[in-house]
Amino acid sequence: MISDDKTIVLALFLVSMVFLYGCLAPDQTLPDRCVLSAQISCLEFGVSQDSIAIEILNGAEQDLTVKSITYLGDSITGECIATDVVPLANNEKATFVAKNCNIQSDGGKEKFTMDVLYVWDDTPVVEHTLEGAMITNVL
């Protein structure tokens with residue numbers, strides 16, 4: 001049987017090992033992810049200090065046109081918007097890049113929200129906004 005003193009020392013040792021090897025550091029253990037919706041999905045993405053790039057797949061069973069993607073986050077100062085107007089047929093993909101962003105990071109994972117402004121091609125006067133999120137390291 002282990003005495004109370006040895007139990008405390010063992011517990012402190014185990015906790016210190018968990019911290020030492022980064023097991024409790026969410027910026028190291030959480031996987032990168034990008035989430036939009038089931039119909040319009042995020043395939044690839046990347047963030048640098050001055051830009052955000054995302055590849056989107058239209059799986060909505062109808063054609064649409066993306067008008068802009070606006071990124072927000074605690075590490076973004078100023079505007080960070082991809083303003084390319086790109087038509088996307090069903091099952092087609094395209095890459096959008098927001099340039100001239102000012103992204104400050106401490107080296108860990110950052111969370112960004114994004115608003116995708118789009119129209120269905122059969123009703124182009126009605127604009128829709130799809131909200132999404134991205135968690136990744138800033139390169």
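## Exercises on strand pairing and disulfides

Arg33 stands opposite Ile135 in S11. The model used in these exercises is predicted.

**Exercise 1.** State which strands are joined by the bridges around Arg33, and in which sense they run.

Solution.
- Step 1. Find the partner of Arg33: this is Ile135 in S11.
- Step 2. Assign the strands. Strand S1 covers residues 33-35, and strand S11 covers residues 123-137.
- Step 3. Count the bridges: three join S1 to S11, and the two strands run antiparallel.

**Exercise 2.** Describe how S10 is paired with S11.

Solution.
- Step 1. Strand S10 spans residues 109-120 and pairs with S11 over twelve bridges.
- Step 2. The sense of this pairing is antiparallel. One pair to look up is Met114, whose bridge partner in S11 is Gly132.
- Step 3. Check the connection: a hairpin of two residues leads from S10 to S11.

**Exercise 3.** Give the strand order of the open sheet that contains S3, and explain why S2 and S8 each have a side without a neighbour.

Solution.
- Step 1. The sheet has three strands in the order S2-S3-S8, with antiparallel pairing.
- Step 2. Strand S2 (40-47) and S8 are at the edges with a single partner strand each, so one side of each has no neighbour in the sheet.
- Step 3. On average, neighbouring strands of this sheet are turned by 20° against each other, direction ignored.
- Step 4. Look at one pairing in detail. S3 (residues 52-58) is joined to S8 by six bridges, and Ile54 has Phe96 in S8 as its bridge partner.

**Exercise 4.** Work out how the cysteines are connected, and state whether the cysteines of each link are buried or exposed.

Solution.
- Step 1. The structure holds two disulfides. Counting bonded cysteines along the chain, the pattern is 1-2, 3-4.
- Step 2. One disulfide is formed by Cys34 and Cys42, with the sulfur atoms 2.1 Å apart. The angle about its S-S bond is 105°, and the link is right-handed. Both Cys34 and Cys42 are buried.
- Step 3. Another disulfide joins Cys80 to Cys101, S to S 2.1 Å. This link is right-handed, with 75° about the S-S bond. The pair links distant parts of the chain, 21 residues apart: Cys80 is in the loop between S5 (76-77) and S6 (81-82), and Cys101 is in the loop between S8 (93-98) and S9 (102-103).
- Step 4. Apply the cut-off for buried, under 20% relative accessible area. Cys80 counts as buried because its relative accessibility is 1%. Cys101 counts as buried because its relative accessibility is 6%.

How values were computed:
Residues are numbered from 1 along each chain as its sequence is written. This is a predicted model: local features need pLDDT of at least 70, side-chain atom pairs count only at pLDDT 80 or more; totals for chains, interfaces and linings use all residues. Side-chain values use heavy atoms; hydrogens and water are left out. A disulfide is a pair of cysteine sulfur atoms within 2.5 Å. Buried means under 20% relative accessible area, exposed over 50%, partly exposed in between (1.4 Å probe, protein chains only). Helices (H or I, at least four residues) and strands (E, at least two) are DSSP runs, numbered from the N terminus. Two strands pair if DSSP finds at least two bridges between them. Axes are lines fitted to C-alpha atoms, for helices over the stretch in contact, and angles run from 0 to 180 degrees between N-to-C directions.
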